[in-house]
Amino acid sequence: MDILTLFIVVPVLTVIVLLFVNKLEKARLIALAGMIIQLIMSINLINEYMKARAAGDHAIMLFERNVPWYSDFNANYHIGVDGVSVLMILLTTLIVIAGIFVSWKIDYMPKEFFISLIVLASGVYGFFISLDLFTMFVFYEIAVIPMYLLIGIWGSGPREYAAMKLTLMLMGASALLLVSLFGIYYYSGTNGMEPTFDLMELANRKMDFAAQKIFYPLAFIGFGTIGALFPFHTWSPDGHASAPTAVSMLHAGVLMKLGGYGIFRFIMFLMPEGALFWQDFFLILAVTGVTYGAMAAIQQTDLKYINAYSSVSHLGLVLFALLMINKTAWNGAMLQSLSHGFITALFFALIGMIYGRTHVRDITKMTGMMRIVPFLGVAYVIAALANLGLPGFSGFVAEMNIFMGGFLNNDLYKQAMTVFAVSSIVVTAVYMLRLVGRMLYGPVTTVYTNLPKAFWYEKVAIGILVLFITLIGTLPFWWLQFIQESVDNFIKPLVH
Amino acid sequence: MNTFDYIYLVPLIPLLMFLFLGFTAKRIKEPISGYLGTAGLLAVFILSYYTAYRYFFVDGIVDGKFQQIRVMVKEGWIHFTDKLAIDIGIIIDPISVMMLVVVSTVSLMVHIYSLGYMHKDTGFSRFYAYLSLFTFSMLGLVLASNLFLIYIFWELVGVSSYLLIGFYFEKPSAVSASKKAFIVTRFADMFFLIGILMVGYFGQSFDFMTLNSDSTISMINSWIQNHQIFSFLGLSIFTYALIFVFIGGMGKSAMFPLHIWLPDAMEGPTPVSALIHAATMVVAGVYLVARLFPLYYHIEGGAALRFVAIVGTFSALFAAIIALTQEDIKRVLAFSTMSQIGYMMMALGVSGFDEHEGLGYMAGMFHLFTHAMFKALLFLVAGAVIHAVHSNFMDKMGGLHKHMPISSWTFLIAALAISGIPPFAGFFSKDEILTAAFEYNKVIWFVGFLVAGMTAFYMFRLYFRIFHHKNTEYEHPPHEAPWNMSFALIFLAVMTMAVGFISFSEYVSADLKPFHSHIHWGDPLVIGSILIALTGIGAAYLMYYKQTEYPAKVASGFGKVYHWTKNKFYMDELYLFVTHKIIFDKISKPIAWFDRNVIDGFMNLLGVTTENLSERIKFIQSGRLQDYAMYFVSGVVAIVMIIIYFR
Amino acid sequence: MDMQNLLLMRDEIVLTAILLLMLVAEIIIPQKHKKSLVHFGLILFLIYTIQSFFPQNTGELFGGSYKTYALAHFFKAVLAVGVMTILLQSVEWIEQKLLPYDFTAEFFILIFSSLLGLNFMISAGDFLMFYLGLELSTMPIIALSAFDFYNHRSVEAGIKYVMLASVSSAILLFGVSLIYATTGSIYFEAISGAMHLPLLEIIGLIMIFIGIGFKISLVPFHFWAADVYEGAPTVISNYLSVISKGAAVYVLMTLLFVTFTAFQKEWDYIMYGIAILTMFIGNLFALRQKNMKRFLAFSSVAQAGFILLALLSHDELGVKAIIFFLLIYIFSNVAAFGVVHLISLKAGTENMDDYNGLYQTNPRLSLILMIALFSLAGIPPVAGFFAKFFLYSAAASKGYYLLVFIAVVNVTISLYYYLLPVRAAFLRKSENPIPSIKSDFYSKISFIFIMVGLLVLGLYSGVLEYISQMSNIF
Amino acid sequence: MIEGVSLFEILSLTTILFFIGVYGFLTRTNLIAMLMSLELMVNAEAVNFVAINKYLSPAILQGQVFSLFIIALAAAETALALAIILHLYRLTENIDVKEVKQLKY
């Protein structure tokens, strides 16, 4: 059992154990225990990874393991990590832990809740470690489908509708992805070679340009949909609004990152000419998404909708950066994925906590929360500031990398696009401060005067997230060292 | 040059203080937190003055030129490319050291002052935490050795200003004011950021010493020569980069038209106004231009610098006019601040580069220095008055001279200083600005000249109406401020009287070479500026020393103009219109609608159509056996037909 | 023609034997012990199932009108397993509904004979054998689908089925006669040797394929399916939807890939269209259904459409994909029908709305239902995903990317309605949910077996490799 | 082998017969009548086989054997169908196919 497979085995075991308990107290402890093990393993993984790199192991992927699975399809269980995936795994672990703490007091079907949550997580882990398109796709779908139950059962509002819409849109997107996977697979089989799903193997084979032109957009939209690419983002507002807290956290924090990650790891890497061919077109979509999401967020009054649209805007930046094909921007993209993961998770956690107290998510209906729940209030202000890209928090470093990278392209069109994207920082400030001003500041709403202060488990969850937001924001070079080398490897096919 | 290695302590101390106070804000109560904060600032104060001494008098100057020393704290905090990186470094040169002195002095005074002013305030500890945060950011800003680093601290001072303006966050006006301040400056910062990106892209560096070096400048200039196409309205793209950077400065320094946040910012506690919105943060724009002065001066023959001059001059005039008519004393001071900063910008704009040419530059810095002192003093006095009277409005005041003499005298000193009456600080700096302007352009000089008069007038209008004018009956008679507040006032008053006599040009100059400049007392310019100031004061005396009907007469005489000025030329309304009526209603709302109804609607439409379709075609499955058989047979026939046809 | 050769048709012989034994048992077992007939039948069939896994040497009999080979043998075993699970699930139903009327033995006999027919059909070497197998497999099921006496729906199902089946077999026969006319033989080898595709022959082939398509319930020959499935006893619908359909697919595959290879080009056009039609029609009709049996009927129509994707690639890959899919499809569908059957038997409802809040009262059943439906929808890690994946890749390998695209779009549609029962069972709540159901020992066994199958078959690639060893039938 | 009658004539006859059957099946509403038209189709094929056998490959008797089986199976089919129809009659006092439409949509 190698160091990476454990990341899937442990959740599965956790689920199996969970099957035999019923009480909330037991369930949450078991779930937590399983995830703590994951955390230890993640930290150990980072440690091992740094050791290996320090020892001068410059392989693209480390800790590789390649077990033939469906050998007559050349579909292998091929896993391995590089800097980015290591960080993504850490992100996942932390957010799942935070999610467990947030849903510490979940009353309705707790066992099933934690089971689905961890199944989802295991899918995500698998996605991040897999180096084989087949394996990747399997894990991708495993990660997507539990959302239906999670939103449908524990959600609020029009949960059935939202869950169905989310599932169908994501599955439809993955359908597009599937088609282009077949394209990649069979076009790798030309000139006498066995077709293969193996990423590293495919990298050595040159895919036909005509084919790339067809299959790249399919794949890009397939991944883009879960990454909230502009016209295909519409599942996310409803989905987030209806989802229970922990799920929104995990979904916006981790699941939506699958899009950018997949494009970075698989699509652009395997279809470079296609990427360059479609670059300008998708760039327009991405930039539109950035400003559009921010603009739409101004009008929202529901906390979760504000965040959903802000996610559209910020993940738009990830896609934008990926499309600005150069190293700085890509560093920014990956950093932004991490940063947005933590920030948005923090947001949804806080929203969940406030909603749990006031049972209202409409910012016009509550004021002066700062006085009532100071801890949450301060945390919310921190989250807001981090989200609008205040230096010292993770958002800033990521966005600066993205903008700088975008502007470094020696191409007026891209620079103009960058300027466009930069404008989003103002709009972000507008809706964030509007939210803070309306909800946290101002005179206290008397209805809510005697709400409970933050509980210890809530503080733990928030603490974890804030800690990492500041860690990224203040020590970007530490995180970038992981990202850079992986970006250097994966951008090679695209830059000549 | 490792003599300045300790310098990183200067910003570090307030940072640690902020973290400590921030985390313990609940537990540590007044006044311990206050004392802690002040102690920290005292340390900073001492360090700064020591640094100034070391730099200016011991080892700053090498063969007749002040050295620019860079102390690197963290190389490559972020590596964009191998050339472009955010290095966390500290630059030590005349202006940064000078700013160091300004910031630490004013900040320390404000800390001491607030011990009294914020007494018995629920957010006492929070206040000191914020103050430390701001001081940290401001020190970082002045010491930053890297354009991007300056942007970082730029944002940080912005947010600490936001927090401090919104300090009384249960007051809606304060909340909206803080929001306004942050968003307007943020809007400017967007241009700043774009400017930075462009400068980095063309200049291939973010480091000030590299950017300001002759090699870079010549490189850029030659680039401009070879790429005429990259120009717009005859100015090259790099000039626009500089202008964008300057727009960032306009935002922070409340230059027209981005000044609208400054008056509202007066919602914050008065010490904050003194520290942030009078002495330190608002001059960041001036400092920024001074930082990049070689670029501004040399690129395309200083095209960007002309823009600076024009903006500065206009803002100076614009603000002075508005200040004439305001009723809220803090607003008057705010507009006077704006006007004075306009002055500084003007000074930089009209400045040359080397030796005596650089007079304007020197004068601008000098004015920044002196202005910090007396404007802080003015605000603090205003704070003391408000503290005593519990109101911001002049007509609630009057005849306070006998109640609070210290305040009155210190205010008088400051007022004289700002009006440019010798021997007070303001006179020297302002006079040199006018001299420089005169050499550069008569119109600008004349505007400056006019503004000097207006300044004198509205300052003394303020003075008289607060301290003399009429004998208002107060329900609980106002009394002199407590010792700690008075101490700050007196200290700053002393500074105001003293600093004018520093021969500033010995230390600060555009090309870092000290030169000698002195006042020609016989010079008509000097006489003129003194005279205009005196006339202003005289007019104020006539109109406001005693209650007279002149003011009403004059106001009615001006008629509409008066109303326009009183309403600050309706700038706020204009902005409100643009943001709410246009951006929110005409752009953002439609987008939100579009998203909910068109895009989302389309996705739902897909689902609905599918269901409708399945409802529509259900008749096929009619349940009638013979229909099925019919379909069956016709299916066979159809297939056969197709095959026959396609074959 | 000695015993040794005769053993080639061991499966059929054993099946016939147990069939006769059943008959005898029915006669000799006294009235009061009739109950034991059920166990007797089960045991007999278990024996058959087990033996069908023993290896068997291949060859042909009766001058090539019967031939057996590894894949055929394996597929018969698969069918046997399927029937076995169905029988296990139907025990309780038999005891409730059939014992009183003393129809136990008949039920077993009919099922066995139908399976016998399918076996013959699978290993038919000429049209006569094929036709006999077809009829032999159809008629008992017709009888069974009308087995639920005094229930108008059941009888109606019977009538519809018998009429349409006869029409289709008539058309098939006509086609056969045309082929016979053009090639002068009814033996597959001879025919494929003598084929030169005059129009008459093509028409004949089309008629034949349509006759088979009727059993697979391809659009527009699927109309009987929904009605019969709904009307017939659930056990029978289950059998129809998986066993006879599976066998028919297998036969179509062999005929297309091996025998009438000359006809592939023309047929592919048609199949392309039919596949799209079948998927869309099946899905669109399934969307609306409230009756679970009808719902599954249409879903299985749509599934048939997916199978055609693999039929478009005339190579080993296609064979592999189809056999693997059929295997897993049998498992998933049997599971789904099993749950529906159990609920309709115990709670007397087949309406989806009555499933609301099922999870609260019957967590296990709802889990089984969910896994089965996920497998049908093709969601990992359940086996169905892998089966579908290989179907697509079989089609994609021949460059039918557009068709694959349409197929995955249809998967998305189908996902919608497969989630509806899940929604009812898990998301919805209800005041009077279906009371907790105590399932009997046999169905427990079958469910456990199926669940293990569904979860293991996909993740463990051994099965596919085993199939691919014998998938070279060309 | 009948003198003066070519295979073509016979085949056209059977084809006509077959389609008459189809027509009848589609039009008659009485189930029994439908059964009869079914019989027509099947018999047409039986004749087909015999004739083709006789004319084209008289050596091997595949076709005739086939037709024998067809007849047998047709009988079986009819029996089954009749049984069910009878059953329907017992339930609903008529055998009009138009009434058989409970299961639909």
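These entries record what I looked up on one helix pair and on two chain contacts in a predicted model.

**Entry 1, a helix pair in chain A.** I began with helix α17 of chain A, residues 374-387, and helix α20 of chain A, residues 424-440, whose axes lie 9 Å apart and whose packing angle is about 170°. Since angles over 145 degrees count as roughly antiparallel, I note that α17(A) and α20(A) are therefore roughly antiparallel to each other. Looking up the residues that meet, I found A:G377, A:Y380, A:V381, A:A384 and A:N387 on the α17(A) side, facing A:T428, A:M432, A:L435, A:V436 and A:L440 on the α20(A) side. Sorted by class, this contact holds seven nonpolar and three polar residues, and no charged ones.

**Entry 2, chain A against chain B.** Next I turned to the contact that takes 37 residues from chain A and 37 residues from chain B. On the side of chain A that touches chain B, helices α7 (159-187), α13 (272-299), α18 (394-408), α19 (412-422), α20 and α22 (476-491) each supply at least two residues, and α18(A) gives the most, with seven residues. By class, I recorded 28 nonpolar, eight polar and one charged residues for that side of chain A.

**Entry 3, chain C against chain B.** Here the contact takes 25 residues from chain C and 22 residues from chain B. I listed α7 (152-183), α9 (199-216), α10 (223-231) and α12 (264-288) of chain C as each supplying at least two residues of the side that touches chain B; α12(C) gives the most to that side, with seven residues. The class count for this side of chain C came to 21 nonpolar, no polar and four charged residues.

How values were computed: Residues are numbered from 1 along each chain as its sequence is written. Chains are lettered from A and ligands numbered from 1 in the order in which they are written. This is a predicted model: local features need pLDDT of at least 70, side-chain atom pairs count only at pLDDT 80 or more; totals for chains, interfaces and linings use all residues. Axes are lines fitted to C-alpha atoms, for helices over the stretch in contact, and angles run from 0 to 180 degrees between N-to-C directions. Helices (H or I, at least four residues) and strands (E, at least two) are DSSP runs, numbered from the N terminus. Angles under 35 degrees count as roughly parallel, over 145 as roughly antiparallel, 65 to 115 as roughly perpendicular and the rest as oblique. Two residues are in contact if their C-beta atoms, placed from the backbone, lie within 7 Å. Ala, Val, Leu, Ile, Met, Phe, Trp, Tyr, Cys and Pro count as nonpolar, Asp, Glu, Lys and Arg as charged, and the others, Gly among them, as polar.
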